Amino acid sequence: FSLFDHPQALRARIRSMTRISERLHSLEGRYHEASRRLAEVSRNKRRSDDLLSQIEEKEQEISQQSRRIEKLLNETRGQLLAATNLQQNLLPQIVPDPSHTRLYDRFIPAGALGGDFYDYILFDDGGFDIIIADTSGHGVSAALVSVQIRAVVRTFIADAQIGGRRPGPRDVLKHLNDFMLATFSGQFFMTMYYISYESATATLTWSGAGHNPFLFLPDRKSVV
């Protein structure tokens with residue numbers, strides 16, 4: 001039996017082989033496409049694995065940074081508390097008790113640290129000076145300036161006493177003004193009331209430097 005002797009059978013066989021060849025080509029194409037997609041999936045998986053690894057590293061870095069920040073915050077809170085206690089301890093612990101009048105004070109700060117402060121400077125003759133001041137700004141810098149100003153005033157008064165004199169409010173404010181201009185170059189400002197009490201005559205002498213004026217209530221014979 002020969003296909004050449006039967007053309008129809010030959011054509012049928014050729015068509016069958018053609019279909020088989022087409023299917024093989026189709027399968028080959030699908031195989032290559034599947035291989036390509038598999039390679040792409042593999043590359044994407046490697047990228048995903050790398051990305052996950054990077055994310056884990058970043059999470060570890062963030063966690064370490066968070067712990068460091070928390071440690072710094074705790075240290076800062078501790079330092080702020082210590083500074084607050086120090087500033088509070090620098091406020092007068094003893095209120096003068098003159099024979100002709102009575103004094104009361106109350107200090108309510110706006111924040112944990114600031115530039116507001118007051119002070120009493122006592123003298124052997126029963127007289128005293130009162131400082132009421134406010135440094136510009138808030139926080140640690142203003143608090144440091146106020147502490148420094150307090151020390152400058154006390155040093156100036158002590159040096160004057162060694163020379164046998166008691167400087168008046170005007171002298172103190174002028175000295176402070178010169179000091180602040182020379183030291184802070186206009187970066188900080190301060191308002192102040194400086195009051196001197198003479199025990200022998202029960203009189204007050206004061207000078208103001210931009211601070212809110214105090215109130216004198218003659219009917220009640222009191223000063224606020």
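This section describes an internal cavity, a pocket and a buried threonine in a predicted model.

The structure contains 1 cavity of 30 Å³ or more. The largest cavity encloses about 70 Å³ of space, and its lining comprises Gln87, Leu90, Leu91, Asp116, Phe117, Tyr118, Ser146, Val147 and Arg150. At least two of the lining residues come from each of α1 (7-90), β1 (114-122) and α2 (139-162). In terms of residue class, the lining of the largest cavity consists of 5 nonpolar, 2 polar and 2 charged residues.

The second largest pocket has a volume of about 240 Å³. Leu173, Leu176, Asn177, Met180, Leu181, Gly186, Phe188, Phe189, Met190, Thr191, Met192 and Ala209 form the lining of this pocket. Helix α3 (169-184) and strand β3 (190-198) each provide at least two residues of that lining, and α3 makes the greatest contribution, with 5 residues. No charged residues occur in the lining of the second largest pocket, which has 9 nonpolar and 3 polar residues.

Threonine 135 is located in strand β2, spanning residues 128-138. With a relative accessible area of 2%, threonine 135 is classed as buried, because this value is under 20%. When neighbours within four places in sequence are left aside, the contacts of threonine 135 are Gly115, Ala142, Val145, Ser146, Phe188, Phe189 and Met190. Among these contacts, Ser146 also belongs to the lining of the largest cavity, whereas Phe188, Phe189 and Met190 belong to the lining of the second largest pocket.

Technical notes
Residues are numbered from 1 along each chain as its sequence is written. This is a predicted model: local features need pLDDT of at least 70, side-chain atom pairs count only at pLDDT 80 or more; totals for chains, interfaces and linings use all residues. Side-chain values use heavy atoms; hydrogens and water are left out. On a 1 Å grid over the protein atoms alone, a cavity is a set of points where a 1.4 Å probe fits but cannot get out, and a pocket is an open set with protein on both sides within 12 Å along at least five of seven lines; lining residues have an atom within 4 Å of a point. Grid points are joined across faces, edges and corners, and a volume is the space filled by probe spheres set on the points. Helices (H or I, at least four residues) and strands (E, at least two) are DSSP runs, numbered from the N terminus. Ala, Val, Leu, Ile, Met, Phe, Trp, Tyr, Cys and Pro count as nonpolar, Asp, Glu, Lys and Arg as charged, and the others, Gly among them, as polar. Buried means under 20% relative accessible area, exposed over 50%, partly exposed in between (1.4 Å probe, protein chains only). Contact means heavy atoms within 4.5 Å.
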